[in-house]
Amino acid sequence: MKQVLDVNGSVIGSFDGEFVLNGNGSPIYRIDINEVYSTDIPCKFLGELEGNIAIGLSGLTLFTIAS
């Protein structure tokens, strides 16, 4: 699994290929191809994955998936 970093470069969890998991292993984001969703039911569209960087609807970085 790859580490997931916040905008300050701090590790916030890991990416298993579909979900961003926090340190406890709970999903906090779902990635569908290049779209980022919440894990709420129903899920909410939060932004897009551009390369390894998730960009929110406001244009700000949500997180980065370390390579």
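**Aromatic pairs and overall fold**

A search of the whole structure finds two aromatic pairs. The model is a predicted one.

**Exercise 1.** Classify the ring pair formed by Tyr-29 and Phe-63.

*Solution.*
- Take the distance: the centres are 4.8 Å apart. The limit for a pair is 6.5 Å.
- Take the angle: the planes make 35°. Stacked needs under 30 degrees and edge-to-face over 60.
- The pair is therefore tilted.
- Place the residues: Tyr-29 is in strand 4 (residues 27-32), and Phe-63 is in strand 8 (residues 61-65). The pair therefore links parts 34 residues apart in sequence.
- Check the burial: both Tyr-29 and Phe-63 are buried.

**Exercise 2.** Classify the ring pair of Tyr-37 and Phe-45, then assign each residue a burial class.

*Solution.*
- The centres lie 5.7 Å apart, with 65° between the planes. Over 60 degrees counts as edge-to-face, and that is the class of this pair.
- Tyr-37 has 15% relative accessibility, so it counts as buried. The cut-off is under 20%.
- Phe-45 has 33% relative accessibility, so it counts as partly exposed.

**Exercise 3.** Describe the secondary structure of the chain and compare its radius of gyration with that of a compact globule.

*Solution.*
- Count the elements: eight strands, zero helices.
- Get the expected value: a compact globule of 67 residues would have a radius of gyration near 11 Å.
- Compare: the chain has 11 Å, so the two agree.
- Add the extents: the C-alpha trace spans about 25 × 25 × 20 Å along its principal axes.
- Add the burial: 27% of the 67 residues are buried.
- Add the surface: about 4200 Å² is exposed, 52% of it from carbon and sulfur atoms.

Notes. Residues numbered from 1 in each chain as written. Predicted model: local features only at pLDDT ≥ 70, side-chain atom pairs only at ≥ 80, totals over all residues. Heavy atoms only, no water. Helix = DSSP H or I, 4+ residues; strand = E, 2+ residues; numbered from the N terminus. Rg over C-alpha atoms; globule rule 2.2 N^0.38 Å. Buried < 20%, exposed > 50% of the residue type's maximum accessible area, 1.4 Å probe, protein only. Areas by Shrake-Rupley, 256 points an atom, 1.4 Å probe, with all protein chains shown as cover. Phe/Tyr/Trp six-rings, centres within 6.5 Å; stacked < 30°, edge-to-face > 60°.
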